[in-house]
Amino acid sequence: MSRLAAEHGAINLAQGFPNFPAPELLKEAACKAIRDDFNQYAITWGARRLREAVARKYDAWYGMTLDPDGEITITCGATEAMVATLMAIVNPGDEVIVFEPFYENYGPDTILCEAKPVFVPLAPGAPLDLDRLAAAFSARTRAIIVNTPSNPSGRVLTRAELEGIALLCQRHDAWAVTDEIYEHIRLSGEHIPIATLPGMRERTITISGASKTFSITGWRIGTVVAPAGITEAIRKVHDFLTVGAPAPLQEGLAVAMDALGQEYYAKMAADYRRRCDLLLPAITAAGFTALAPQGAYYILADFSALSDQDDTTFAHWLARERGVATVPGSSFFSRPELGRHLVRFVFCKTDELLQEAAARLLGGGRGGAKELQR
Ligand code: PLP
């Protein structure tokens, strides 16, 4: 869809990357690290300074006391963190429970481990059906992937829902593998790492990273917090997959994590609320049906009232004729028909670009998109 957006001069609200700058302090710290000759491999499991900053973060935000030497690993993004984790814990033939709609990588990640993904619906506006989830667990269930706040649904799991998941993990001796990459992009509700629930620390692998929090998707820095024994296995896979994340960028991130205080995170969340408020009313006024996301920076919108076309045909039409690129909903479901009436918009863009997208959705002109996208 990004290619199609470029071809048609459409505003790219498809791929989830910000078009605004990263914090100045962070960029300066990375430049300084390069100037100071942090040019060689960092230690495989991550630069000490960054692991220490990550430990301080988990302590300050969630009251988790971590050993930076034994329980924290730095990877090339949450993407590598997820694949390294699943390869470390899942054997061929095992089952991994995945909520749907899901972030596209989880299916292939599971298949790379020769495991079987087992899908359980988690609709944006409805509570998690814990009975249905319980029925999805079997003797072969090795893990459940818990993505909150969620891409693409914007769903934030409540404490009660997380407690339900935790109980099932304990009952079936399964791992909770979380993807908390949007932990700081909260529009409403509370972010609760499932690792902080009673009895879960020892069976949770908590994945997050810097891509979204600091608007640096291209830096490729992710984090894995896990009990020491399984950390060893994850580090082995990580070593053979990528050796390590970029050394100077790890140093820069460590400096920024320590320097940026609560006000940075509060402002970032407020900025995302404002961006959502710019786009969501235009989406609904244009005839889509969409719920306000609780977290992350996506809006999953139903276009049934606008068109009978399938999602791919509709997304192509929208990019070509209205100049707004989205992702066809079927990308987020195990069976394409489940997403046939949906497209996903992102709002991790500047106000100007979102205003232009809103005008286009409401039938206005198409001027200036190239310029605004930079
Ligand atoms: N997890 C989710 C749920 C995402 O939406 C994304 C990116 O869109 C990622 C992981 C990728 O994170 P990273 O850039 O750290 O690999």
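This report walks through the sheet, the cores, the salt bridges and a few odd backbone spots of a predicted model.

**The four-stranded sheet**

Let's start with an open sheet whose four strands come in the order E9-E10-E13-E12, with antiparallel pairing. E9 and E12 (327–328) sit at the edges with a single partner strand each, so one side of each has no neighbour in the sheet. As general background, strands in a sheet pair through backbone hydrogen bonds, and they can do that parallel or antiparallel.

Going across the sheet, E9 (residues 289–290) is joined to E10 by two bridges. On that seam, threonine 289 stands opposite aspartate 302 of E10. Next comes the pairing of E10 with E13 (residues 342–346), which has five bridges and runs antiparallel. Here leucine 300 faces arginine 344 of E13. On the far seam, E12 and E13 are held by two bridges, again antiparallel. Arginine 344 turns up here too, as the bridge partner of valine 327.

How well covered is strand E10? Mostly: four of the five residues in E10 (residues 298–302) are buried.

**What packs inside**

The largest nonpolar core takes in 90 residues, and Phe214, Leu279, Phe288 and Phe345 have the most contacts inside it. Helix H10 (residues 262–285) is the top contributor to this core, giving eight residues. Apart from this core lies another one of 23 residues, with Phe99, Leu122, Ile144 and Leu157 among them.

Phenylalanine 345 is a good residue to click on. Leaving out residues up to four places away in sequence, Phe345 touches a long list of partners, including Leu13, Leu279, Ile283, Phe288, Leu318 and Leu361. Tyr298, Ile299 and Ala301 are also among the contacts of Phe345.

**Salt bridges**

How many salt bridges are there in the model? The count comes to 19. Three of them are set out here, with the distance between the closest N and O atoms.

| Basic residue | Acidic residue | N to O distance |
|---|---|---|
| Arginine 201 | Glutamate 71 | 3.4 Å |
| Arginine 155 | Glutamate 161 | 2.7 Å |
| Arginine 274 | Aspartate 351 | 2.9 Å |

Take the pair of arginine 201 and glutamate 71. Arginine 201 lies in the loop between E6 (175–179) and E7 (204–209), while glutamate 71 lies in the loop between H3 (48–62) and E2 (72–75), so the pair ties together parts that are 130 residues apart in sequence. Is arginine 201 buried or partly exposed? Its relative accessibility is 30%, so arginine 201 counts as partly exposed. Glutamate 71 has 16% and therefore counts as buried.

With arginine 155 and glutamate 161, both partners are buried.

The salt bridge between arginine 274 and aspartate 351 also links distant parts of the chain: arginine 274 is in helix H10 and aspartate 351 in helix H12 (residues 351–361), 77 residues apart. Arginine 274 counts as partly exposed because its relative accessibility is 34%. Elsewhere, Arg48, Arg51, Glu52 and Asp69 are joined into one network by salt bridges that share partners.

**Backbone spots to look at**

Where do the cis prolines 149 and 152 sit? Proline 149 is in the loop between E5 (141–147) and H7 (159–171), and proline 152 is in the loop between E5 and H7 as well. The peptide bond from threonine 148 to proline 149 is cis, with omega near -15 degrees. The bond joining asparagine 151 and proline 152 is cis too, with omega about 15 degrees.

Two residues other than glycine have a positive phi. Serine 215, with phi near 55 degrees, is in the loop between E7 and E8 (222–225). At 16% relative accessibility, serine 215 counts as buried. Valine 243 has phi near 65 degrees and lies in the loop between H8 (228–242) and H9 (247–259). Valine 243 is partly exposed, because its relative accessible area is 32%.

**On the surface**

Which residues make up the nonpolar surface patch of about 260 Å²? Met87, Leu112 and Leu241 do. Leucine 112 belongs to helix H5 (residues 106–112). With a relative accessible area of 55%, leucine 112 is exposed.

Key. Residues numbered from 1 in each chain as written. Predicted model: local features only at pLDDT ≥ 70, side-chain atom pairs only at ≥ 80, totals over all residues. Heavy atoms only, no water. Patch = residues over 30% accessible without salt bridge, like charges linked within 9 Å, V, L, I, M, F, W, Y side chains within 5 Å. Areas by Shrake-Rupley, 256 points an atom, 1.4 Å probe, with all protein chains shown as cover. Salt bridge = Lys/Arg side-chain N within 4 Å of Asp/Glu carboxyl O. Buried < 20%, exposed > 50% of the residue type's maximum accessible area, 1.4 Å probe, protein only. Pairing = 2+ DSSP bridges. Core = buried A, V, L, I, M, F, W, Y, C linked by side-chain atoms within 4.5 Å. Contact = heavy atoms within 4.5 Å.
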